[in-house]
Amino acid sequence: MNVANLTEEEYQYVGTGDLVNPTINDFRKLIFHFEIDSKHNVIDLNIDTPEYGEWKNAINAIDEQRYWYGKGSSQTNATYKYDFVFYAKGLTENDITKAFDEMIISASWKKDHGVEQIREFFISNLIVFDGES
């Protein structure tokens, strides 16, 4: 999961009518792509990710209307994508990370030997900001 700066092209689509002197640096894009490889004898795969509205609510809960626009999709039962632009002016990386502290992805599956595997991923632990590796 990545929090990235906007490109000039992406910034062209940001409606900034009510903001005072906005710049491209006032916005960030959250890019969430989650995939579990289900090709290797996996049966009964179940993935529970936050609904798209939960992402919006999490970023808006910081202090005001932060969510700007975005999209989400589930391409298969093992691939999930959510991307959205948010107003980041005045926020630290810690503020952004803390906004997602309560959000969890839960995955469970069985292999052909029948033993159930369960993994939980805390969204706030998955965030990487531009320039980090």
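**Strands, cores and rings**

Student: How many bridges join β3 to β6, and do they run parallel or antiparallel?
Tutor: Five bridges, and the two strands run antiparallel. Strands here are DSSP E runs of at least two residues, and helices are H or I runs of at least four, numbered from the N terminus. Two strands pair if DSSP finds at least two bridges between them.

Student: Before I go on, what kind of model is this?
Tutor: It's a predicted model: local features need pLDDT of at least 70, side-chain atom pairs count only at pLDDT 80 or more, and totals for chains, interfaces and linings use all residues. Residues are numbered from 1 along each chain as its sequence is written, and side-chain values use heavy atoms, with hydrogens and water left out.

Student: OK, back to strands. In β6, which residue is the bridge partner of Ile-47?
Tutor: That's Ala-107.

Student: What's the strand order in the open sheet of three strands?
Tutor: The order is β3-β6-β7, and the pairing is antiparallel. β3 and β7 (116-122) are the edge strands, each pairing on one side only. From one strand to the next, the twist averages 15 degrees (axes are lines fitted to C-alpha atoms, for helices over the stretch in contact, with angles from 0 to 180 degrees between N-to-C directions).

Student: And β1, how many bridges join it to β2?
Tutor: Four, with β1 (residues 2-5) and β2 running antiparallel. Asn-5 stands opposite Arg-28 in β2. β1 is also joined by two bridges to β8 (residues 128-129), and that pair runs parallel. There, Val-3 stands opposite Phe-129 in β8.

Student: What about the segment after β8, which residue lies there?
Tutor: Gly-131 is one of that segment. Its C-alpha is 8.9 Å from that of Ala-4, although the two are 127 residues apart along the chain.

Student: Is Gly-131 buried or exposed?
Tutor: Exposed, because its relative accessibility is 88%. Buried means under 20% relative accessible area, exposed means over 50%, and partly exposed is in between, with a 1.4 Å probe and protein chains only.

Student: Zooming out, how many helices and strands does the protein have?
Tutor: Four helices and eight strands. From the N terminus on, they run β-α-β-β-α-β-β-α-β-β-α-β. Of the 133 residues, 38% count as buried.

Student: Now the inside. What is a nonpolar core?
Tutor: It's a set of buried Ala, Val, Leu, Ile, Met, Phe, Trp, Tyr and Cys residues joined through side-chain atoms within 4.5 Å. The largest one here has 31 residues, and those touching the most other members are Leu-30, Phe-32, Ile-47, Trp-55, Phe-86 and Phe-100. β2 (27-35), β3 (42-48), α2 (52-60), β5 (79-87), α3 (93-99) and β6 (104-111) each supply at least two of its residues. β5 gives the largest share, four residues. There's also a second, separate core of seven residues, including Val-14, Ile-24, Phe-27 and Val-85.

Student: Lots of aromatics in there. How many aromatic pairs does a search of the whole structure find?
Tutor: It finds 14 (rings of Phe, Tyr and Trp, the last by its six-membered ring, pair if their centres lie within 6.5 Å; planes under 30 degrees apart are stacked, over 60 edge-to-face, the rest tilted). Phe-34 and Phe-121 make an edge-to-face pair, because their centres are 5.3 Å apart and their planes are at 65 degrees. Phe-34 lies in β2 and Phe-121 in β7, so this pair ties together parts that are 87 residues apart in sequence. Tyr-52 and Tyr-82 have ring centres 5.9 Å apart and planes at 35 degrees, so that pair is tilted. It connects helix α2, which holds Tyr-52, to strand β5, which holds Tyr-82, parts that are 30 residues apart in sequence.

Student: Is Phe-34 buried or exposed?
Tutor: Buried, at 8% relative accessibility. Phe-121 counts as buried too, at 17%.

Student: Last one: where does Thr-49 lie?
Tutor: In the loop between β3 and α2. Thr-49 counts as buried because its relative accessibility is 9%. Its side chain makes a polar contact of 3.3 Å with the side chain of Tyr-82. Such a contact is a pair of N or O atoms within 3.5 Å; within protein, one must be able to donate a hydrogen and the other to accept it, and residues adjacent in sequence count only if both atoms are side-chain atoms.
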